[in-house]
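The following exercises are to be worked through with the sequence and the model side by side. Each task is followed by a solution in steps.

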Amino acid sequence: MNKFVLIVEFDVKPESLVKFNQAIAINAKASVAEEAGCRQFDVLHNQDNPNHIVLYEVYDSPAAFQDHMGRKHTQTFLAQAKEMITKQTAYKLKRTVAPPVKP
């Protein structure tokens, strides 16, 4: 089982939402496609507050996450996002139960 999960919450400035969504889509797709240790990278939108974005990321290990943080696509996203958000909160979690996903 992939043991390392990162959940990140962003409050995005309303005027930056379209640009933020474009930037995070590029980062998410590159993370899964280019990083052997990145198993899942979901971008979730709060149904009651469209400016609240949550990322759910699953990695093989903390080392795989550190690899992710050093990647160009991640660094590009973080630099872009800095101007577009009002708040960011991150949670590093250990995965203990994860039943198989249904097809």
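## Exercise 1: The sheet

F4 stands opposite K94 in β4. The model is a predicted one, in which local features require pLDDT of at least 70 and side-chain atom pairs pLDDT 80 or more, while totals for chains, interfaces and linings use all residues. Residues are numbered from 1 along each chain as its sequence is written, and side-chain values use heavy atoms, with hydrogens and water left out.

Task: determine which order the four strands take in the open sheet.

Solution.
Step 1. Strands are DSSP runs of E with at least two residues, and helices are runs of H or I with at least four, both numbered from the N terminus. Two strands pair if DSSP finds at least two bridges between them.
Step 2. Strand β1 (residues 4–12) pairs with β4 in the antiparallel sense over nine bridges.
Step 3. β1 is also joined to β3 by eight bridges, again antiparallel; here F10 stands opposite I53.
Step 4. β2 and β3 run antiparallel with seven bridges, F41 having E57 as its bridge partner in β3. These two strands form a hairpin with six residues between them.
Step 5. The order is therefore β2-β3-β1-β4, and β2 (38–45) and β4 (85–94) stand at the edges, each with a single partner strand, so one side of each lacks a neighbour in the sheet. The twist averages 15 degrees from one strand to the next.

## Exercise 2: A residue of β3

Task: establish whether I53 is buried or exposed, and list its contacts.

Solution.
Step 1. I53 is found in strand β3. Seven of the eight residues of β3 are buried, where buried means under 20% relative accessible area, exposed over 50% and partly exposed in between (1.4 Å probe, protein chains only).
Step 2. I53 counts as buried because its relative accessible area is 0%.
Step 3. Contact means heavy atoms within 4.5 Å. Leaving aside neighbours within four places in sequence, I53 is in contact with V8, E9, F10, V12, L17, F20, N21, V43, L44 and H45.

## Exercise 3: Helices on the sheet and against each other

Task: state at what angle α2 and α3 cross, and describe the setting of T74.

Solution.
Step 1. Angles run from 0 to 180 degrees between N-to-C directions, and axes are lines fitted to C-alpha atoms, for helices over the stretch in contact.
Step 2. Helix α1 (residues 17–34) lies across β1, β2, β3 (52–59) and β4, running at about 165 degrees to β2. α2 packs on the sheet too, touching β1, β2, β3 and β4, and its direction makes about 125 degrees with that of β3.
Step 3. The axes of α2 (residues 62–70) and α3 (residues 72–81) come within 5 Å and cross at roughly 65 degrees. H68, M69 and G70 in α2 meet K72, H73, T74, Q75 and L78 in α3.
Step 4. T74 belongs to helix α3 and counts as buried because its relative accessibility is 2%. A polar atom of the T74 side chain lies 2.8 Å from the backbone oxygen of H68.
Step 5. Not counting residues up to four places away in sequence, T74 touches N27, S31, E35, H68 and M69.

Notes:
A polar contact is a pair of N or O atoms within 3.5 Å; within protein, one must be able to donate a hydrogen and the other to accept it, and residues adjacent in sequence count only if both atoms are side-chain atoms.
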